[in-house]
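Grab a pencil and work through a few short exercises on the model shown here. Each one comes with a solution, so try it yourself before reading on.

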Amino acid sequence: MQTANLLPLVLVIAMVAYALAYMRSRSVAAPLGGIRNLKALPFYYAARAALWCAIPALIILGAWAGFEGKVIQNMVISSLPSESVPQTPGEASLVLSQISNVAAGKLDPNFVPAEIVGAADLLGQLRAQSSQFKTTLVLLIALLGGTFAWTRVKPHINARENVERTLRWIFFVCAAVAILTTVGIVFSVIFETVRFFGKVPITEFLFGTSWSPQTALRADQVGADGAFGIIPLFTGTLLISFIALAVSVPVGLLSAVYLSEYATKPMRATLKPMLEMLAGVPTVVYGFFAALTVAPFIRDLAEGIGLEASSQSALAAGLVMGIMIIPFVSSLSDDVINAVPQNLRDGSLALGATQSETMKNVIFPAALPGIMGGILLAASRAIGETMIVVMAAGLAAHLTANPLDSVTTVTVQIVTLLTGDQEFDSAKTLAAFALGMMLFIVTLLLNVVALKIVRKYREQYD
Amino acid sequence: MTDQRSQAEIVRQSLKKRYRKEKRFRFYGIAAIAVALMSLVILFTDIIGKGYTGFIKTTITLEVPLDGEAMYLDDPTDKDQVSMADFQAPVLAALQQYFPEVTERADQRELSRLVGSYASNQVRDLLEGNPQLLGTTQTMEFLVHDTVSVYVKHADNPAYSIRLTEQQQAWVDELVGKGVVETSFNDVFFSRGDSREPSNAGILGAIIGSVLTMVVTLVIAFPVGVAAAVYLEEFAPQNKFTDFIEVNINNLAAVPSIIFGLLGLAVFIGLFGMPRSVPVVGGLVLALMTLPTIIISSRAAIKSVPPSIREAAEGIGASKMQVVLHHVVPLAMPGMMTGSIIGMAQALGETAPLLLIGMVAFIVEVPDGFFSSATVLPVQIYLWASSAEQGFVELASAGIMILLTFMITMNALAIWLRKRLERRW
């Protein structure tokens, strides 16, 4: 039976267990003189039965569904005669897709070698067997769990404590998903990165000044001929991020100052949500805007004053990214400015300083560390932003500081390397994971430092 | 005394300058806000200006002579004949009724290019469905080719006519003048999946894909996020491990979304062998991405429930879990839902991680389940925006308008919920 059908079935069994245990707890309680003589309410006996029924069965089901495919694949591969066992992972995926296409009837068995047809038959058999096993096992465990809990409906057992402890564990596991996600991210990039550094030396990667992963496509050509230098990607990323910050920091900061110090309450109440709308616009929309409106505009403008501009300029991507980050900077600075104690303000104003002098000489220095933290967070956003640069910045890795030239960024390269069909093992694909690792480390460092600064600053005034 | 007076004098003299500075500073603030709002306005007008034509389709109504001889077809029920027959011929013949002077082969080809390439399929389907129509003349409505469509919709803008020859422009102008070529509301756009030809492409597939993906995201992220928030606020002991969880959540909230795409590619597709480009994997990845947002806002909602409620419940003998499940969580629910809707709106607009797990594939069929290949709204917009045809650009902006409508609705719902249900203590 399919996992998708098995899941509701298990839930139905759990519901039945719930109802039966509920009735049994009442009938157990009746001769004792009502449910007050039970250690827990009937609801808890019933809930316990449902949990016993569902949780073990669902764990088995999840594990089975997760690893079924891989195990069957390996069994099929190892059943192949030794001369046709694929040597490289690339061949393996080719053979596997052939086998599964034959098994699914998409590929005519007459067009492929006999051992593939045999393997396809085996695949079909294994799938059917696995499905049978899974169904039997899961249903059996659900029924056993339910029956066990049903027999344990006894007045002296405190079912409430059992249920509450289980729920606590479930809550804990949910909280631990955050850790699992981090671990998952780290491991998914680390393994591929290590394999990548097996093909391309790490010094090449970090200090090379030329990036052209296309050259590694041919199998007879090793990627280690200087094609994987990350420097142009880094300078490209920095250039675009710098332009973005040059737009968003002054605009965001000044609007935050105005909103928190000058604006009347109703003005603030209307302007702030409007600013935040900028943050809610999806990045693909900004990408569209940058690629189809801003970039041609900038090119025409530059040509109008006699400069040469690429149709995909760093300036266009950076400008639009800056617009996107404005609300981010402004709401962070707003928080920080509001956290400066009122008596600093009052003291300065009482000495006769104007509001702008108070702002510039008292509040701003006091808020500076917090603002710096905010800017670092904004920088990490800019570095990790993908869609705008994918659509509006180029693909060619130029080592340049000219904002009218086209540059490429780390995120753009990750996307271009991983979209389209590559084998999972080429240096090209692995390079994307190495880039992802660099991106993860850099943004993580920026975030940790920024959060530390912001927190320290907050403690100072609390 | 003289000293003091001169001091006051100095202050008075500098006052003007200082007030001017004050004014200038205030002006900078207003200018900054104006810049931000202006870019918002420009963004929206640009997209609406580019995209409103996406909601218009251009059709051509022709009297099509279904002449068997011209099509090399005498029995529409015969599959072999149908596969060999020339269904373009009657369309061209119908067009030639308006332009009998076109006899050159090259000119004829140009003329028949005015009609979309699906026209011949339409003729074939009609005949296969109703074989008795062979030999009659039928009135049929076709979509025009997308270059013609763009030309008709932007008749006043010469930039949109470059893909047509002058001869073709003259033909189109005449057909429009005769009322043969007409524009109407683009129902095709709302009822089909993607297509290679802009006038035949629709957004329904992407909308359904987005809905399926969002369902998966919601079903996973909301319960897990709320449970995690409850654990961290109510049950977690004060220790290093709890701190570690919190640090992780805060960092995950700031990890670039594309990294989650790498995670999905390596773990869900690579390790677990899940299929590419299906809503389930997309939903899982987006769920992991939105989880921190939901946890953080749910924790804030739980924190805002006053201690008096907890104390009262504990006072009459409720266990800790009962206090939480019967009182705290229901009272915090509006806040949790608001945070989740905002998180979901973010997830709806997310593109980058979905590119990596293969949701960029060109998919014509409207997806029919969580395990069928699909694309989502923002990815569809990206695909159209990077296509060369002018017709796709207007579709991309029309798609953006639909995406933004969804997002604005969701955010409005969140604000309404907050106003309506949230209690001030």
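Two residues are in contact if their C-beta atoms, placed from the backbone, lie within 7 Å. Keep in mind that this is a predicted model.

**Exercise 1. Work out how chain A is built and how its residues are spread out.**

Start with secondary structure: chain A has 15 helices and zero strands. Next, look at the domain assignment, which splits off domain 1 (3–157) and domain 2 (231–461) in chain A. The C-alpha centres of these two domains sit 48 Å apart. Now check the overall dimensions: the C-alpha trace of chain A spans about 85 × 75 × 35 Å along its principal axes. Its radius of gyration is 31 Å, whereas a compact globule of 462 residues would come out near 23 Å. Finally, count contacts: of those in chain A with a separation of 6 or more, 73% join residues 24 or more positions apart. As for burial, 43% of the 462 residues of chain A count as buried.

**Exercise 2. Decide whether Ser130(A) is buried, partly exposed or exposed, and find its partners.**

First place the residue: Ser130(A) belongs to helix α4 (residues 114–151) of chain A. Then apply the cut-offs: 20 or more C-beta neighbours within 10 Å means buried, and 12 or fewer means exposed. Ser130(A) has 16 inside 10 Å, so it counts as partly exposed. For partners, skip neighbours within four places in sequence, and you're left with Glu68(A) and Ile72(A). One more distance: the C-alpha atoms of Ser130(A) and Ala65(A) are 9.9 Å apart, with their positions 65 residues apart along the chain.

**Exercise 3. Describe where chain B meets chain A.**

Count both sides: 66 residues of chain B and 69 residues of chain A take part in the contact. On the chain B side, helix α1 (residues 2–51) gives the most, with 17 residues. Sorted by class, that side holds 49 nonpolar, 12 polar and five charged residues.

**Exercise 4. Track down the nonpolar cores.**

Begin with the largest, which has 188 residues. Those with the most contacts inside it are Ala290(A), Ala317(A), Val320(A), Ala392(A) and Ala228(B). Zoom in on Val320(A): beyond four places in sequence, its contacts include Tyr286(A), Phe289(A) and Ile388(A). Then there's a second, separate core of 31 residues, with Leu62(B) and Val144(B) among them.

**Exercise 5. Compare two annotated spans of chain B with the model.**

The unreviewed UniProt entry marks residues 203–232 and 395–417, among others, as "transmembrane region" in chain B. Residues 203–232 are 97% helix, with end C-alpha atoms 41 Å apart. Residues 395–417 are 100% helix, and their end C-alpha atoms lie 33 Å apart.

Terms used
Residues numbered from 1 in each chain as written. Chains lettered and ligands numbered in written order. Predicted model: local features only at pLDDT ≥ 70, side-chain atom pairs only at ≥ 80, totals over all residues. Domains from an automatic or database assignment. UniProt positions renumbered as here; feature names shortened; annotations may be inferred. Helix = DSSP H or I, 4+ residues; strand = E, 2+ residues; numbered from the N terminus. Nonpolar A, V, L, I, M, F, W, Y, C, P; charged D, E, K, R; others polar. Core = buried A, V, L, I, M, F, W, Y, C linked by C-beta atoms within 7 Å. Rg over C-alpha atoms; globule rule 2.2 N^0.38 Å.
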